[in-house]
Amino acid sequence: MLDIKLLRTTPDIVRENLKKKFQEHKLPLVDEIIELDRQSRDARTKADALRGRRNSVSKNIGVAMAKGLKDDAEKGKAEVEAMAQELADLEVLEEKLSVLVREKMMIIPNIIDSSVPIGKDDSENVEVERFGEPAVPSFEVPYHVDIMESFNGIDLDSARKTSGSGFYYLCGDIARLHSSILSYARDFMINRGFTYCIPPFMIRGDVVSGVMSFAEMENMMYKIEGEDLYLIGTSEHSMIGRFIDTILEEDALPLTLTSYSPCFRKEVGAHGIEERGVYRIHQFEKQEMIVVCKPEDSADWFVKLYKNTVDFFRSLDIPVRTLECCSGDLADLKVKSIDVEAWSPRQKKYFEVGSCSNLGEAQARRLGIRVKNKEKGNYFAHTLNNTVTAPPRMLIAFLENNLQADGSVAIPEPLRPYMGGQKGLLV
RNA sequence: GGAGACGUGGCCGAGUGGUCGAAGGCGGUUGACUCGAAAUCAACUGAGCGGCUUGCCUGCUCCUAGAGUUCGAAUCUCUACGUCUCCGCCA
């Protein structure tokens, strides 16, 4: 959500941005909003004047009553009553217009960063950089479920019976690997100065509607029957929700947080949920990073954030690349976004394992996350979020890249302490 | 789950129909004193939106939310939501 003042004063910036995002169909909205905003302020001004008059007359009635001047008091009452209908009508109009302006403003996308590549859809996303050699071994790399099964590490059949498709039992060393990766990811981020948090895994409806659009809510969130509670789709939901309607002290910034949570997603409309395996599932776990900072710092934090993920994967010998989201594929709330993709030696291509986003002030404006400042006045913070790692999907990359010719899986050095010192998993 | 209490500014807390946007305190900022923001004293210190004469100007809105009573509501009525305490249950 943009500042309406930006639209009032420099509508061309907003129009230009719409064109860059290939949303020409929204261009008429700009003038519509400007006109509605003008009407809205006009109604507001008139209503304010009437309310002001009512307030002062009412005060005088009090004074007159105290002095026992009955006639003066009655005269005042009559005057207020006379303007009551006009005020009531104006207030209805005021409400109607301001809701309309807000609704339409919600549809206007955030101004994208000047560095975002222009493109229509995900086919035009741009590879930024590769890290590590995307090697293809001489032997054939099996499907990840087969690798897991070779260690008796997964039971999808039972999960289907108990919970349906899109769920899994991880067992033995594979389950241990899953937990180890999360623990390592947690410590990795703590070592980089982030504060570790475990947030609520369920949140109330008003928080949900604050942090996502209605469509997302319908397609992603599981609701607890009979309660106003939803299972979180990512810890970002509860981590950002924590700051709704708060005014932060400037010197408390930046907030650099890393959070763990299970994540629950309905994945309505997403294809591939039926795919056998743990690529797209209803339940997974994730180590996340969240930054709340001053506007001038968010661009730097964006780079730092995705580099953390790159470094994390590289420390586990997994080749990755960064793929920048082009203008047309960028969600409306985002200023800039980059995916971290891991190399799949089996598919001989990269696949998404993390997503780093700079939301600018858009999220903060929606949620009322402000920073206290006497001179400049309070302002909206910038918010960013990024995945450290999200197993079990991450395990696909891990197993494929660390698989040896004999079917064993090497455990990279940093992970060994979390795996009881094992150097590898033997079949 | 049963019973009761309560929801006021960054925090604590007063306020039961009329200069109440709200006493007092804590915290914060600034100034004085000082070698020194240790102590003391003084002043200032909620948020949002609008107007113009852009001023330390002015108007409106906000005391959980919504509806109602009234000339006028933080204060009265209703509803919803939330929180706390005790009991029960439980890792």
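This tour moves from the whole of chain A to two surface patches and one glycine.

The model is predicted, so local features are given at pLDDT of at least 70 and side-chain atom pairs at pLDDT 80 or more, while totals for chains, interfaces and linings use all residues. Residues are numbered from 1 along each chain as its sequence is written, chains are lettered from A, and side-chain values use heavy atoms, without hydrogens and water.

**Whole chain.** Select chain A and show it as a cartoon: there are 13 helices and 18 strands, taken as DSSP runs (H or I of at least four residues for helices, E of at least two for strands) and numbered from the N terminus. The C-alpha trace spans about 100 × 45 × 40 Å along its principal axes. Of the 427 residues, 48% are buried, where buried means under 20% relative accessible area, exposed over 50% and partly exposed in between, with a 1.4 Å probe and protein chains only. If you then draw contacts (heavy atoms within 4.5 Å), 73% of those between residues at least 6 apart in sequence join residues at least 24 apart.

**Surface.** Switch to a surface view of chain A, whose accessible area is about 20,700 Å², with 50% belonging to carbon and sulfur atoms; the Shrake-Rupley method with a 1.4 Å probe gives these areas, and for residues only the protein chains shown count as cover.

**Nonpolar patch.** Next select Ile190, Tyr196 and Ile198, which form a nonpolar surface patch with about 270 Å² of accessible area together. Patch members have over 30% relative accessible area and no salt bridge, with nonpolar side chains (Val, Leu, Ile, Met, Phe, Trp, Tyr) joined within 5 Å and like charges within 9 Å; a salt bridge is a side-chain nitrogen of Lys or Arg within 4 Å of a carboxyl oxygen of Asp or Glu. Ile198 lies in the loop between strand S4 (195-197) and strand S5 (202-203), and it counts as exposed because its relative accessibility is 58%.

**Negative patch.** Move to Asp121, Asp122, Glu124 and Asp329, which form a negative surface patch, Asp and Glu being the residue types counted as negative. Asp121 is in the loop between helix H4 (70-107) and strand S1 (126-131) and, at 35% relative accessibility, is partly exposed.

**Gly119.** Finish at Gly119, found in the loop between H4 and S1 but buried, with a relative accessible area of 1%. Leaving aside neighbours within four places in sequence, its contacts include Phe22, Cys326 and two members of the negative patch, Glu124 and Asp329. Measure from its C-alpha atom to that of Ser327, 208 residues apart along the chain, and the separation is 5.5 Å.

Note on methods: Charge placed at Lys NZ, Arg CZ, Asp CG, Glu CD.
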